[in-house]
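Here are some notes to read alongside the model. Take them one at a time, and find each spot in the viewer as you go.

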Amino acid sequence: MKRWLELGIKETLKERVINGLKGLGRLRLQVSHASMMSFSALLLILLIAFTVRILPLRWEIPSGTVRLNEFDPYYQFILTRKMVQNGLLSPYWPTPWINTQQWYPQGLDMSHSLPALPMTTAILYDIISFLGVNVDLMMFASFLPAIMGAVCCLIIYFIGKDMGGKPAGLLAALFLALVPSFLQRTALGFFDTEVPGVLGLLLFILLFLRAIEENRALGSSLKYTFGAAFALAYFITGWGGAYFVIDLSVFFVFVLILLKRYSQRLLISYGIIFGIALFVATKVPIISLGYLTSGPVIPVAGMFLLLCLAEVLRHGISS
């Protein structure tokens, strides 16, 4: 009796293993047919984006060194080197760093600089140095624009995918990978503010659109909301062109109200995102509290009041 019971258990386990392997095979077929092509296409686009951006390397190889190009990238590199050597806040605190080697004899106040790019580079450089990767800071700063350019293509893929499916995402990624204006600003050695600027811009768009989706769970929406807030803060502290995106965001919310797409979630997400982003950004000396009273930023407060009014009217009408 015991032997028959053991045989029965073995047969049952054998059947379960066989069924599990069959299910795994079906899953593998589904993955290979439904996702492998789009995944391969995305990897190819990212590889193209990175390869095209490092093509200037062919002129650098004979000299044996990789350098930056233009004046502004060297300005950003000096800030980065200061942060790597003396800490992330060293150009700003406890006393502003006056660089007399860059402007003589008065010196240049380096504390009036946008911190996103040098801080990002310094943090990433410290991480790879901690992991034992020995690379020159100049070379790392030269390659970073190409790496972040490829990352931007990946982010815009998810934006396009959310809006129009995988084909739209792949087309958007391919377009951004090869568009000349963005290609020039993320090429090897172009270590300037556009690098974190476009990254923060795309992250903000992706997270903001996901945060205001009405069919998303509240907890998930709040996570995207806080993510969008810090992405916008990163964008503001990284690129002076943030003015344009802030006004476009306000206009986008205004259009949603006109189309009767207002929701309480839109009010909450909008208030949290711009509240946190502007609070963080105004801590940077070059931005300061005067940023809040500038012409392009004032509409943010006006739109928040309009959203509050829409919420009051909605409750008034429903009651």
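Is C153 buried or exposed? Keep that in mind for the first point, and remember throughout that this is a predicted model.

1. **The cysteines.** C153 has a relative accessibility of 0%, so it counts as buried. If you were hoping for a disulfide, the count for this model is 0. C153 is not in one: the nearest cysteine sulfur belongs to C152 and is 7.0 Å away, while a disulfide needs the two sulfur atoms within 2.5 Å. Elsewhere, C308 comes out at 27% relative accessibility, so this cysteine is partly exposed.

2. **Aromatic pairs, and one that is edge-to-face.** A pair of aromatic rings is described by the distance of the centres and the angle of the planes. The model has 8 aromatic pairs. One of them is F204 with F274, where the centres are 6.5 Å apart and the planes stand at 80 degrees, an edge-to-face arrangement. The two partners sit 70 residues apart in the chain, F204 in helix α9 (residues 194–211) and F274 in helix α12 (residues 264–281), so the pair links distant parts of the chain as helices are numbered here. F204 has 2% relative accessibility, so it counts as buried. F274, at 4%, is buried too, because buried means under 20%.

3. **A stacked pair.** Now look at Y243 and Y291, whose rings are stacked, with 5.2 Å between the centres and 20 degrees between the planes. This pair also links distant parts of the chain: Y243 belongs to helix α11 (residues 242–258), Y291 to the loop between α12 and α13 (298–318), and 48 residues separate them. Which of Y243 and Y291 is buried, and which is partly exposed? Y291 has a relative accessible area of 8%, so it is buried, whereas Y243 is partly exposed because its relative accessibility is 27%.

4. **A cluster of rings.** Go back to F204 and F274 for a moment. Ring pairs join them with F208, F252 and Y270 into a cluster. Try showing those five side chains together.

5. **A charge over a ring.** What sits over the ring of W97? The charged end of K82 does, 4.9 Å from the centre of that ring.

6. **Two packed helices.** Two packed helices are described by the angle between their axes and the distance between the axes. Helix α4 (residues 71–86) packs against helix α6 (residues 137–164) at about 125 degrees, and their axes are 11 Å apart. That angle makes α4 oblique to α6, because it falls between the 115 degrees where roughly perpendicular ends and the 145 above which roughly antiparallel begins. The crossing of α4 and α6 is right-handed.

7. **A cis peptide bond.** Which two residues does a cis peptide bond join? They are W93 and P94, with omega at about 5 degrees. P94 is in the loop between α4 and β1 (98–99).

8. **Positive phi without glycine.** K260 is not a glycine, yet its phi is positive, near 60 degrees. You'll find K260 in the loop between α11 and α12, and it counts as exposed because its relative accessibility is 76%. S288 isn't a glycine either, and its phi is also positive, about 60 degrees. S288 lies in the loop between α12 and α13, and its relative accessible area is 31%, so it is partly exposed.

Definitions and conventions
Residues are numbered from 1 along each chain as its sequence is written. Side-chain values use heavy atoms; hydrogens and water are left out. Rings of Phe, Tyr and Trp (its six-membered ring) pair if their centres lie within 6.5 Å; planes under 30 degrees apart count as stacked, over 60 as edge-to-face and the rest as tilted. Helices (H or I, at least four residues) and strands (E, at least two) are DSSP runs, numbered from the N terminus. Buried means under 20% relative accessible area, exposed over 50%, partly exposed in between (1.4 Å probe, protein chains only). A charge sits over a ring if NZ of Lys or CZ of Arg is within 6 Å of the ring centre and within 35 degrees of the ring normal. Axes are lines fitted to C-alpha atoms, for helices over the stretch in contact, and angles run from 0 to 180 degrees between N-to-C directions. Angles under 35 degrees count as roughly parallel, over 145 as roughly antiparallel, 65 to 115 as roughly perpendicular and the rest as oblique. A crossing is left-handed if the near helix is turned anticlockwise from the far one by less than a right angle, and right-handed if clockwise.
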